[in-house]
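Trainee: Could you take me through one part of this structure in detail, namely the contact between its two chains?

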Amino acid sequence: MSAIPVQQVGRTLYIHILRHNPCDPLSEAHLQTFELEEADAMTLFIALNEIRENHDPSLQFDFVCRAGICGSCGMIINGRPGLACRTLTKDLPDNITLAPLPAFELIGDLSVNTGKWMRGMSEQLETWVHSQGLENADIDSLEQTMEPELAEQLYELERCIECGCCIAACGTALMREDFIGAVGLNQITRFQLDPRDQRSDAQFYQLVGDDSGVFGCMTLLGCEDMCPKQLPLATQIAFLRRRMAMV
Amino acid sequence: MSKQLNLWPARMDLLESLTGLLLVLFIWGHMFFESSILLGKDAMLWVTRMFEGAHIFDKPYPLLVSGAVAAIFVLIAVHAILALRKFPGSYRQYHSFHRHMGAMRHADTTLWYVQVITGFAMFFLASSHLYVVFVQPDNIGPYASSDRVWTGRFWILYVLLLISVHLHAGIGMYRLAMKWWPFKAASAALARKRLKLAMWCVIAFFLCLGSASLVTYMKIGYEHADRAGERYVPATESNHPVSN
């Protein structure tokens with residue numbers, strides 16, 4: 001007779017969450033602890049939903065895709081930024097402390113307004129293709145071809161999901177609010193490489209050639225090490241720094 | 001377009017890196033020259049005279065050493081004023097960085113802070129060292145230096161300076177490479193790992209070399225304490241007046 005597999009009892013997790021509702025004048029920031037039994041292959045996404053369903057429906061946090069694509073569930077997990085949906089509880093100790101990402105406007109509890117920050121960055125850096133005469137372009141004609149290597153290089157940088165982890169991992173961004181961080185520098189590199197963008201290096205320099213841009217980066221490499229998409233941020237920033245220093 | 005560009009941020013970043021690189025190359029060379037004492041008093045005297053131009057001009061000119069010190073001081077001043085831009089500038093910035101560093105437990109973030117601390121310490125330590133060498137360039141030699149180290153109690157300064165300068169230089173070279181070097185994205189992680197290992201090896205090597213030579217100077221100074229001020233005269237040149 002074969003042994004009947006017995007489901008092992010999971011650990012008890014103690015999830016400490018930094019609670020605060022800035023819309024409520026009586027709300028004071030405090031850590032609230034929730035006890036939870038760990039399930040097989042549990043992610044923080046599952047754990048937080050369980051807390052909201054069974055313990056406290058007022059808990060605020062953001063999720064859309066639960067697959068590391070939308071970038072909404074960035075938060076500070078035991079001191080380091082990461083995506084809750086991509087973090088397995090089995091990789092964490094019994095005590096898990098969750099806090100909202102710093103540097104972004106707090107909506108409530110673990111929910112922050114990264115969209116507002118990213119939009120501001122995008123408008124400041126003009127992160128769209130700048131090209132002359134597009135209004136006269138013939139949309140029926142074949143697009144200009146691009147070398148596959150270059151297309152892949154652009155795609156690699158396009159993988160950024162703007163989750164804000166690189167900003168929360170950056171000592172410079174936390175000290176200096178006007179620093180555009182790895183997400184912004186990555187965007188500039190992406191358009192600098194794109195042959196469809198007709199902006200010159202001098203024009204890019206006007207956008208990032210100062211201490212709030214590429215020359216403000218102190219190479220702490222928190223962005224590179226904490227990026228949930230493993231983007232090659234250190235090499236991108238070094239590339240941009242060399243380009244901008246040669247303008 | 002280019003007329004309106006303010007190129008100073010680019011120049012300042014380049015200059016900070018360049019002065020840092022020159023200073024690191026200088027200090028690493030300096031370590032090999034000063035540790036010539038490990039090969040004996042005569043070897044150290046030969047190196048001393050080389051820097052005083054004695055091998056070229058037949059006669060030592062200690063003012064050459066003062067000139068070199070002045071050049072190094074200028075490099076340090078330029079590097080320091082450029083690096084100061086990056087220091088946390090207010091209590092709020094220090095507080096944010098400390099909290100961030102403590103929570104992240106991230107090596108490179110912490111290493112940067114080590115550079116801030118050692119850099120700040122060297123404002124005082126390096127200046128004291130440079131000033132003494134600048135105003136007493138003739139006071140270098142197997143006995144002269146040892147007496148300064150032991151009888152003059154400069155060993156305290158040198159212990160602190162040795163640790164600060166090599167941490168700062170080693171970490172600085174690693175960060176300089178990460179800042180500018182065109183690593184391929186695919187191999188960057190491996191290159192970074194190797195660079196970091198090299199960084200720790202280089203720091204350990206220079207700390208060992210520096211400690212060994214400092215202990216040697218202290219030992220010579222201790223044994224020579226009752227005759228402090230007396231200059232070393234090599235056996236082969238005991239009839240010549242030139243000595244240090």
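Mentor: What follows looks at the contact between chain A and chain B. This is a predicted model, in which local features need pLDDT of at least 70 and side-chain atom pairs count only at pLDDT 80 or more, while totals for chains, interfaces and linings use all residues. Residues are numbered from 1 along each chain as its sequence is written, and chains are lettered from A and ligands numbered from 1 in the order in which they are written.

The contact draws 31 residues from chain B and 29 residues from chain A, where two residues are in contact if their C-beta atoms, placed from the backbone, lie within 7 Å. On the side of chain B that touches chain A, at least two residues each come from α1 (8-34), α5 (91-104), α6 (107-135) and α8 (155-180) of chain B, and α5(B) gives the most, with seven residues. Helices here are DSSP runs of H or I with at least four residues, strands are runs of E with at least two, and both are numbered from the N terminus. That side of chain B divides into 18 nonpolar, six polar and seven charged residues, with Ala, Val, Leu, Ile, Met, Phe, Trp, Tyr, Cys and Pro counted as nonpolar, Asp, Glu, Lys and Arg as charged, and the others, Gly among them, as polar.

Within this contact, helix α9 (residues 233-245) of chain A packs against α8(B) at an angle of about 75 degrees, with their axes 6 Å apart; axes are lines fitted to C-alpha atoms, for helices over the stretch in contact, and angles run from 0 to 180 degrees between N-to-C directions. α9(A) is therefore roughly perpendicular to α8(B), a term that covers 65 to 115 degrees. Ala234(A), Ala238(A), Arg241(A) and Arg242(A) of α9(A) meet Met178(B), Lys179(B) and Trp180(B) of α8(B), and by class this contact has four nonpolar, no polar and three charged residues.

Definitions and conventions:
Parallel < 35°, antiparallel > 145°, perpendicular 65-115°, else oblique.
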